[in-house]
Structures are given as structure tokens and as C-alpha cells.
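Visitor: Could you pick one part of this one and take me through it closely? I'd like a single connected tour rather than a list.

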Amino acid sequence: MRTVFTPHHALHAPATEFFRGERVPCFEKVERARSVHEALIRSGHRIDAPEVDSAPVLAQVHGARYLNFLETAWSRWLALDPANADRQPFPSTWPIRTLRADREPAEFSAQLGVYSMDSGTPICAGTWAAAKAGADAAATAAHWVSQGERAALVATRPPGHHAGPDFMGGYCFLNNAAVAAQALRNAGCSRVAILDVDYHHGNGTQAIFYERADVLFVSLHGDPLTEFPFFLGHADETGAGAGLGFNLNLPLPAGTLAPAWFDALATGEQRVRDFRPDALVVSLGLDTFEHDPISKFKLSTVDFHTLGQRVAALGLPTVFVLEGGYATAELGLNTTAVLAGFEQP
Ligand code: OKP
Ligand code: ZN
């Protein structure tokens with residue numbers, strides 16, 4: 001399978017996040033993409049650098065003020081205090097219910113609250129460059145597939161599916177899956193389906209397409225009653241306006257084993273088939289792995305091979321976009337297991 005990878009992912013390397021009130025090393029780390037890159041080389045997949053500028057598509061899926069905030073965030077953080085070079089910005093005040101998000105505050109720290117859904121998504125000096133390179137990678141893979149390639153993998157980090165129209169969160173800044181889907185639409189696909197198999201609900205992707213009938217969003221994930229992102233991902237979220245009926249959430253309890261997970265996948269596959277899309281984007285989170293340190297499903301490497309076969313059986317031009325997966329040492333092997341299953345005749 002053609003894959004797109006860029007070493008620029010390593011420019012996003014924040015030091016710590018909060019866990020149970022303490023600072024711990026980030027789970028979403030540089031070694032994740034290295035693990036995938038090495039496995040792609042070992043298994044002989046073709047690897048190319050991004051070759052499409054995602055800027056026009058980014059402007060279709062994210063708000064202009066948010067994009068400007070993200071691009072300038074680090075320099076504005078430094079402008080507050082040069083000593084901030086060795087610190088990470090974290091939001092501390094959010095425009096929650098009864099507070100106003102419509103008046104953009106002038107203060108950087110306040111804007112950080114406006115444009116963040118959580119305090120778990122640290123920005124560092126290279127965050128914009130890495131996230132932009134990832135979005136370029138997604139636009140590149142979509143371009144290849146729209147030109148006749150059967151499938152492509154976007155081997156990128158940071159992930160994207162929690163990033164909404166105008167906010168970051170859950171380690172995500174730019175929504176790579178949304179970029180791929182919108183790029184496929186721009187290239188002439190009438191309908192695009194997104195299948196999100198990450199452990200966590202893709203709240204950002206859902207939000208971006210919630211009122212649209214041209215992009216179907218189907219997601220299997222840990223029940224938000226107990227799992228991040230907590231405030232979206234319930235089964236009663238079915239779309240709104242023109243998009244009513246074009247959003248399907250399949251929440252599953254923490255601890256779900258492979259048979260029940262594949263049963264839910266069958267439900268999602270049927271919805272995708274009924275939609276008759278021209279192309280498919282898979283938000284490929286591999287944090288459903290049994291040994292993932294922050295997630296609670298129980299899929300094995302062999303199950304990821306089966307997942308690849310099941311996706312291939314949909315018979316659609318497919319862009320795989322890497323999302324989560326925090327068992328770093330096994331992430332590469334789990335990724336190539338999906339590709340091997342997909343390509344198995
Ligand atoms: C991103 B993706 C741990 C808090 C958990 C959110 C998890 C984001 C997962 N301190 N942070 O969907 O894999
Ligand atoms: Zn996840």
C-alpha cells in the first residue's frame with residue numbers, strides 16, 4: 001500500500017501531560033510514529049513525503065480564527081514571557097455554560113480556553129509545523145486515492161479526530177480524517193464515509209460533518225459515560241438538519257472483547273454499504289489493542305489483520321488515517337497487520 005510519512009511529526013514533542021493531578025510524560029509521543037515508520041519499511045510498503053498543501057481544505061473544515069490562533073500560538077506564548085520557552089501553555093479558564101465564547105478575548109491565555117476542549121493537549125514550538133505536515137499528508141493520500149490508487153495510509157501524528165471546527169483537544173490539533181474526507185469530496189466523490197475505529201469517540205470529526213448528508217460518520221468507541229471525550233459519542237446522536245441520519249455512534253462498554261467489537265463493526269459496515277459512498281476514510285486508532293496503556297478494549301494483533309480484511313471487503317477506495325494507539329512498541333506491527341489484512345487477496 002502507498003503510505004505517506006514525514007519526519008516533521010517529531011517537531012511536536014511536548015514533555016508532559018497531566019494524569020491524576022501529576023505531570024507524566026506524554027502518552028502521545030514521537031516514538032509512536034517511529035514505530036510505524038520502521039514497521040512500514042520492514043514490511044516493504046512504499047513511503048512518500050506529503051506533496052499536497054492542505055491549506056485550502058483546512059479552511060473548509062476549520063474556522064479561520066482557530067487556524068490563525070494555532071499557527072501563531074507559540075510565538076504569542078513566548079511574547080508573554082521569554083522564559084515561556086521552557087514551559088508548556090495549558091488552558092485554565094473555559095467559556096463553559098453561561099459564559100461567552102462569541103467575543104474572542106484579546107489575552108492569549110484566555111484564547112487558549114476558547115480554542116481547547118481539555119487541558120490534556122499541550123502545545124510546543126513545533127506543534128503547528130507537525131500538525132500542518134500531518135494535514136498535508138492526509139490531503140496527499142486523498143489525492144492519490146482520487147487519482148485511482150486503491151488505498152493509502154497516512155502515517156502521521158499528532159492524531160486529529162478530537163479536533164473540531166474551532167477547537168483542539170485529546171492530543172489533536174488539525175482533523176486529518178476530515179481533511180482527507182473533504183479533499184475526496186473536492187476531487188469529485190459525491191459521498192464519502194468515515195469509519196472511526198479509535199477507542200475514543202471522534203467528537204471533532206462528528207462535529208465537523210454533523211449537519212451534512214454528503215459525509216457519513218460511523219464510530220465504534222468506548223461508551224462516553226465512562227470514557228474520554230465524555231461529552232459526545234452517544235447512540236442518540238444521529239445528525240442534524242440536512243445531516244439527520246448520517247451519523248452513527250456505536251458506543252461499547254470498557255472491557256469489550258473482540259467478538260462483540262466485530263459485531264458492532266458489522267453494524268457500522270452495513271450503514272456504510274447502505275450509504276453507497278464513492279470513497280472511505282478510516283480513522284485508524286489502534287488504542288483498541290489489549291495492551292494499550294490508556295484504553296480498555298481487548299483486540300489483538302491478529303484482530304487488526306481481520307479488521308483490514310473487513311475494511312477491504314467494503315470494496316471502496318480507502319484512505320487510512322492513523323489516530324491513537326499508545327502501546328508504542330507494538331503500534332508499528334499493529335498498523336502493518338491492518339494493511340496486510342487489507343491487501344490479502
Ligand atoms: C486521543 B485519541 C489522560 C487523559 C486522557 C485524552 C485521551 C485522548 C486520546 N491524562 N487524554 O483518541 O487516541
Ligand atoms: Zn483514541
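Guide: Pro229 sits in the loop between E7 and E8, and that's a handy place to step in. Bear in mind that this is a predicted model. The peptide bond running from Phe228 to Pro229 is cis here, with omega near 10°. Most peptide bonds are trans.

From that loop, go back into E7, residues 215-222. E7 pairs with E6, residues 192-196, in the parallel sense, and 5 bridges hold the register. If you want one pair to anchor your view, take Leu195, which stands opposite Val218 in E7. Sitting on the sheet here is H8, residues 258-275, which touches E6, E7, E8 and E9. The direction of H8 makes about 175° with that of E7.

Now zoom out for a moment to see the whole sheet. It's open, with 8 strands in the order E4-E1-E5-E10-E9-E6-E7-E8, and the pairing is parallel. The edges are E4 (47-48) and E8 (247-252), each of which pairs on one side only. So what becomes of E8 at its edge? As an edge strand, E8 has a partner on one side only, and H8 touches E8 as part of its packing on the sheet.

Which residue of H8 is worth stopping at? I'd go for Trp261, which lies in that helix. With a relative accessibility of 1%, Trp261 counts as buried, the cut-off being under 20%. Leaving aside residues up to four places away in sequence, Trp261 touches Val197, Leu220, Leu252, Thr256, Thr288, Phe297, Leu299 and Leu307. Take Val197 from that list: Trp261 and Val197 are 64 residues apart in sequence, yet their C-alpha atoms are 9.9 Å apart in space.

Follow the chain on from H8 and you reach Arg276, in the loop between H8 and E9. Arg276 has a positive phi of about 50° although it isn't a glycine. Most residues other than glycine have a negative phi. Is Arg276 buried or exposed? At 58% relative accessibility, Arg276 counts as exposed, since the cut-off for that is over 50%.

Step past Arg276 into E9 and the surroundings change. How many residues of E9 are buried? The count is 6 of the 6, so E9 is largely enclosed by the rest of the structure. Both faces of E9 are covered: Ala279, Val281 and Ser283 are buried on one side, and Leu280, Val282 and Leu284 on the other. H8 is one of the elements touching E9.

E9 also has strands to either hand in the sheet order, E10 and E6. Towards E6 there are 5 bridges, and E6 and E9 run parallel. There, Ala193 has Leu280 in E9 as its bridge partner. Towards E10 (residues 318-322), E9 again pairs in the parallel sense over 5 bridges. Here you can line up Val282 with Phe320, its bridge partner in E10.

Keep going across the sheet from E10 and the order brings you to E5. The loop between E5 (151-154) and H6 (176-186) is where Pro158 sits. A cis peptide bond joins Arg157 and Pro158, with omega about -5°. That makes a nice echo of where we came in, with the cis bond from Phe228 to Pro229.

H6, at the far end of that loop, has a helix to lean on. The axes of H5 (residues 127-146) and H6 come within 8 Å and cross at roughly 35°, and the crossing is right-handed. H5 brings Ala131, Gly134, Ala135, Ala138, Ala139, Ala142, Val145 and Ser146 to the contact, while H6 answers with Asn176, Val179, Ala180, Ala183 and Leu184. By class, the contact has 10 nonpolar, 3 polar and no charged residues.

For a second helix pair to set beside it, try H1 (residues 30-42) and H10 (residues 328-343), whose axes come within 7 Å and cross at roughly 45°. That angle makes H1 oblique to H10. H1 passes H10 in a right-handed crossing, and among the residues in contact are Glu31 and Arg32 of H1 and Leu331 and Leu339 of H10. By class, this contact has 7 nonpolar, 5 polar and 2 charged residues.

Key: Residues are numbered from 1 along each chain as its sequence is written. Chains are lettered from A and ligands numbered from 1 in the order in which they are written. This is a predicted model: local features need pLDDT of at least 70, side-chain atom pairs count only at pLDDT 80 or more; totals for chains, interfaces and linings use all residues. Side-chain values use heavy atoms; hydrogens and water are left out. Axes are lines fitted to C-alpha atoms, for helices over the stretch in contact, and angles run from 0 to 180 degrees between N-to-C directions. Helices (H or I, at least four residues) and strands (E, at least two) are DSSP runs, numbered from the N terminus. Angles under 35 degrees count as roughly parallel, over 145 as roughly antiparallel, 65 to 115 as roughly perpendicular and the rest as oblique. A crossing is left-handed if the near helix is turned anticlockwise from the far one by less than a right angle, and right-handed if clockwise. Contact means heavy atoms within 4.5 Å. Ala, Val, Leu, Ile, Met, Phe, Trp, Tyr, Cys and Pro count as nonpolar, Asp, Glu, Lys and Arg as charged, and the others, Gly among them, as polar. Two strands pair if DSSP finds at least two bridges between them. Buried means under 20% relative accessible area, exposed over 50%, partly exposed in between (1.4 Å probe, protein chains only).
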